[in-house]
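Trainee: Could you take me through one part of this model closely? Start with the strand pairing, then work outward from there.

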Amino acid sequence: MTETMVGFARTVRAAGGSADPERVQAMLAALDHLDVLDPSDVYWAGRLTLCADPDDLERYDRCFAAYFSGATARPGRRPPPPVVVRRMTVPDPGAEAGEQGAGELKAATASAVEVLRDRDVARLTAAERAEVARLIAVLDASAEQRRSRRFAPAPGGRLDPARTVRETLRRGGEISLLRHRAHRTRARRVVLIVDVSGSMSPYADALLRFAHAAARSGGRQVEVFSAGTRLTRLTRELRHRDPDAAMAAASAAIPDWSGGTRLGEELKEFLDRFGQRGLARGSIVVIASDGWERGDAALLGEQMARLHRLAHRVVWANPHKARPGYEPLTAGMAAALPYVDDFTSGHSLGALEELARIVAGAGSGSRELR
């Protein structure tokens with residue numbers, strides 16, 4: 001129980017909450033007097049000890065839902081807390097000293113999140129990277145829904161003969177109520193392939209954190225791989241609830257970090273090994289790479305065409321796409337682009353939020369170069 005709750009406190013702290021060691025000890029002390037198997041007791045023990053101000057409540061609810069149930073509570077529409085930016089003004093020569101001190105500064109507000117949203121993660125300071133990591137940790141990256149072949153009871157829709165007959169028999173043969181059914185819906189499978197080669201090293205951490213957010217939101221419907229000189233499956237490592245622990249496990253599992261890139265060979269390996277198992281068929285496949293291919297670009301084009309025939313949608317996130325004047329001149333990117341449904345950047349927090357909307361089916365990338 002202690003390990004689980006400390007991991008939950010780390011998640012709250014990673015999301016920007018006030019889960020300092022003293023508050024964590026208070027939560028554990030409270031749970032000693034409560035039923036740790038009762039979700040309500042666990043919820044209120046954490047809420048009353050880990051939340052320091054009203055801004056923490058919504059953040060706490062999102063973290064609790066994500067950590068204990070795998071669900072993601074959607075954030076409210078309340079604007080983010082403002083940050084005070086002080087601006088110098090010209091003092092009045094005739095004013096007294098006290099009045100001058102009061103009039104020298106004016107407060108102007110700007111959102112810290114808005115400032116970071118469009119900043120390239122490769123140009124952030126260490127503190128800004130940590131803040132972006134906290135925001136990615138609570139990102140909703142749920143996949144779009146698809147219609148299942150299975151049916152479920154519904155208030156309307158197609159008539160359900162079996163349930164209608166059973167209801168009629170319970171009522172002594174009198175047909176008084178018709179039962180209906182409709183197709184169930186379930187999340188589409190999402191497959192993320194993240195390039196961890198040397199040219200992608202400034203962006204690999206943020207993209208893997210996005211993959212962790214997707215794995216947390218989608219559960220077993222999400223598969224994650226890293227691509228460099230070899231293909232590495234990271235699904236198990238990124239299912240850890242704690243973001244930092246998940247990143248540490250993924251880093252230890254990747255043998256070719258900051259190496260070269262052979263996307264064509266690795267994509268072929270993915271389709272040969274996992275395509276027959278259904279990982280690609282009908283899935284949303286997200287490839288995060290700058291397209292620098294050291295292998296055969298023609299092979300990459302062939303495998304992208306093969307992937308495009310199997311997948312529901314193919315999304316390519318290239319961080320360099322956001323740069324002014326970008327054109328897909330690399331051989332790998334030029335070979336892959338004809339088989340890409342959504343072409344986006346993924347270079348910033350805002351771009352990752354757009355990528356999440358694309359995965360959810362609520363947004364659409366572009367094949368435009370600018």
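Mentor: In this predicted model, strand 4 pairs with strand 5, residues 180–187, in the antiparallel sense. The pairing runs over 2 bridges. One bridge partner can be named: L159 is matched with H180 of strand 5. Now widen the view to the sheet. It is open, has 3 strands, and follows the order 3-5-4. Its pairing is antiparallel. Strand 3 (145–154) and strand 4 (158–159) are the edge strands. Each of these edge strands pairs on one side only.

Next, helix 9. It covers residues 201–218, 18 residues in total. From first C-alpha to last it reaches 26 Å, close to the 26 Å expected at 1.5 Å a residue. How many of its residues are buried? The count is 14 of the 18, so helix 9 is largely enclosed by the rest of the structure. The cut-off for buried is under 20% relative accessible area. G219 follows the helix, and its phi is positive, near 60 degrees.

What does helix 9 pass? Its neighbour here is helix 10, and the crossing is right-handed. Helix 10 spans residues 243–253. The two axes come within 10 Å and cross at roughly 115 degrees. On the helix 9 side, the contact is made by D205, L208, R209 and H212. Helix 10 contributes P243, D244, A246 and M247. Sorted by class, the contact has 4 nonpolar, 1 polar and 3 charged residues.

R209 leads to another helix. Its C-alpha is separated by 9.9 Å from that of V132, although the two residues are 77 apart along the chain. V132 sits in helix 7, residues 126–137. Is V132 buried or exposed? Its relative accessibility is 4%, so V132 counts as buried. Setting aside neighbours within four places in sequence, V132 is in contact with L116 and L124.

One last site: S348. It lies in the loop between strand 11 (342–344) and helix 14 (349–359). Its relative accessible area is 1%, so this loop residue is buried. Which residues does S348 touch, not counting residues up to four places away in sequence? They are R117, D118, R119 and V121.

Note on methods. Residues are numbered from 1 along each chain as its sequence is written. This is a predicted model: local features need pLDDT of at least 70, side-chain atom pairs count only at pLDDT 80 or more; totals for chains, interfaces and linings use all residues. Side-chain values use heavy atoms; hydrogens and water are left out. Helices (H or I, at least four residues) and strands (E, at least two) are DSSP runs, numbered from the N terminus. The expected span of a helix is 1.5 Å times one less than its number of residues. Buried means under 20% relative accessible area, exposed over 50%, partly exposed in between (1.4 Å probe, protein chains only). Two strands pair if DSSP finds at least two bridges between them. Axes are lines fitted to C-alpha atoms, for helices over the stretch in contact, and angles run from 0 to 180 degrees between N-to-C directions. A crossing is left-handed if the near helix is turned anticlockwise from the far one by less than a right angle, and right-handed if clockwise. Contact means heavy atoms within 4.5 Å. Ala, Val, Leu, Ile, Met, Phe, Trp, Tyr, Cys and Pro count as nonpolar, Asp, Glu, Lys and Arg as charged, and the others, Gly among them, as polar.
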